[in-house]
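Work through the exercises below with the sequence and the model open. Each task is followed by a solution in steps.

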Amino acid sequence: MSEDRPMAPNPSEDDDAAQPSENRASLTHTTDDGDVQMVDVGSKPDTRRRAVAAGDIHLRPSTAAAIREDTVDKGDVLATARVGAIQAVKHTWETIPMCHQIPITNVDTSFEFDDTPDEDVTDHATLSLEVAVETTGKTGCEMEALEGVTTGLNVVWDMVKAVEKNDDGQYPATRIENVRVLEKRKRER
């Protein structure tokens with residue numbers, strides 16, 4: 001922040017939705033002058049919070065089988081992806097500029113295979129990852145859940161990329177998609 005500019009007031013709002021007013025920008029991470037700021041959550045009460053996010057990675061059926069049978073040369077894909085997802089949750093505040101560092105009280109990860117082909121890609125299997133994050137604090141944890149999902153799925157891709165590549169070194173069947181927040185809730189202590 002520039003020394004010659006006064007500090008903009010920090011809104012103290014619920015993290016679910018900002019209520020625009022005449023004196024405040026409707027974007028909570030932006031001052032009335034358009035400067036980026038971290039939202040001040042200091043006056044908010046500590047609240048138990050939970051967020052669940054999910055996403056999918058499409059793989060070749062043979063790759064999915066190798067993951068299930070734990071025969072991927074790099075090692076246990078799901079165990080490594082689980083560690084990557086948890087690490088990402090814990091470090092979200094370091095990668096998303098305006099995220100607060102929050103106390104993570106629990107992270108659960110679950111994987112599920114779906115071998116049902118879809119209309120777009122007929123020769124693939126889908127591996128879904130769901131990450132549930134819990135905290136007791138002043139702000140939500142949906143960004144942490146999303147970071148866990150995207151990193152966990154990227155770890156899967158990294159672990160299996162040698163067998164997912166075609167003869168040209170491309171990934172015609174591999175894709176990550178459908179990353180979304182499934183649930184966000186808070187409960188006063």
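## Exercise 1: Strand pairing

β1 and β3 pair in the antiparallel sense over 13 bridges. The model is a predicted one.

Task: Find which residue of β3 stands opposite Arg 48, and state in what sense and over how many bridges β2 and β3 pair.

Solution.
- Step 1. Start from Arg 48 and look across to β3: the residue opposite is Thr 136.
- Step 2. Turn to β2 and β3, which pair in the antiparallel sense over 10 bridges.
- Step 3. As a check on this second pairing, Ser 110 stands opposite Glu 130 in β3.
- Step 4. When inspecting side chains here, keep a general rule in mind: in a regular strand they alternate between the two faces of the sheet.

## Exercise 2: Overall layout and confidence

Task: Write down the order of helices and strands along the sequence, and decide where confidence is lowest and highest among the elements.

Solution.
- Step 1. Count the elements: the protein has four helices and four strands.
- Step 2. Put them in sequence order, which gives β-α-α-α-β-β-α-β.
- Step 3. Look at how far apart contacting residues lie. Of the contacts between residues at least 6 apart in sequence, 75% join residues at least 24 apart.
- Step 4. Take the confidence for the whole protein: the average pLDDT is 82, and 73% of the residues score at least 70.
- Step 5. Residues 1–25 have a pLDDT below 50, although this stretch has 43 contacts in the model beyond near neighbours in sequence. Where pLDDT is low, the predicted coordinates should not be read in detail.
- Step 6. Compare the elements: helix α3 (residues 92–95) has the lowest confidence, with a mean of 90, and helix α2 (residues 77–90) the highest, at 98.

## Exercise 3: The two sides of helix α1

Task: Determine which residues of helix α1 (residues 61–69) are buried, and explain why they line one face of the helix.

Solution.
- Step 1. For background, 38% of the 189 residues of the protein count as buried.
- Step 2. Within α1, the buried residues are Thr 63, Ala 64, Ala 66 and Ile 67.
- Step 3. Viewed down the axis of α1, these buried residues fall within an arc of 160 degrees, so they line one face of the helix.
- Step 4. On the face turned away from the buried side, Ser 62 and Glu 69 are exposed.
- Step 5. Identify the cover: the buried residues of α1 are covered by elements including β1 (47–59), α2, β2 (104–114), β3 (125–137) and α4 (142–164).
- Step 6. Take Thr 63 as a single case. Its relative accessibility is 1%, and because the cut-off for buried is under 20%, Thr 63 counts as buried.
- Step 7. Leaving aside neighbours within four places in sequence, Thr 63 is in contact with Val 160, Val 163 and Glu 164.
- Step 8. Finish at the end of the helix: just after α1, Asp 70 takes a positive phi of about 55 degrees.

## Exercise 4: Salt bridges

Task: Trace the network of salt bridges that includes Arg 50, then explain how Asp 158 and Lys 161 are placed in helix α4.

Solution.
- Step 1. Set the scope: a search of the whole structure finds seven salt bridges.
- Step 2. Arg 50 meets Glu 134 in one of them, at 2.9 Å from N to O. This pair links distant parts of the chain, with Glu 134 in strand β3 and Arg 50 in strand β1, 84 residues apart.
- Step 3. Arg 50 also meets Glu 183 in a salt bridge, at 3.4 Å from N to O. Here Arg 50 in strand β1 is linked to Glu 183 in strand β4 (residues 175–188), 133 residues apart.
- Step 4. Check the acidic partners. Glu 134 is partly exposed at 26% relative accessibility, and Glu 183 is partly exposed at 26%.
- Step 5. Assemble the network: salt bridges link Arg 50, Glu 134, Glu 183 and Arg 185.
- Step 6. Move to Asp 158 and Lys 161, which form a salt bridge with their closest N and O atoms 3.1 Å apart. Because Asp 158 and Lys 161 are three residues apart in helix α4, about one helical turn separates them.
- Step 7. Asp 158 is partly exposed at 34% relative accessibility, and Lys 161 is partly exposed at 31%.

Technical notes. Residues are numbered from 1 along each chain as its sequence is written. This is a predicted model: local features need pLDDT of at least 70, side-chain atom pairs count only at pLDDT 80 or more; totals for chains, interfaces and linings use all residues. Side-chain values use heavy atoms; hydrogens and water are left out. pLDDT is the predictor's confidence in each residue, from 0 to 100. Contact means heavy atoms within 4.5 Å. Buried means under 20% relative accessible area, exposed over 50%, partly exposed in between (1.4 Å probe, protein chains only). The arc is that of the directions from the helix axis to the C-beta atoms. A salt bridge is a side-chain nitrogen of Lys or Arg within 4 Å of a carboxyl oxygen of Asp or Glu. Two strands pair if DSSP finds at least two bridges between them.
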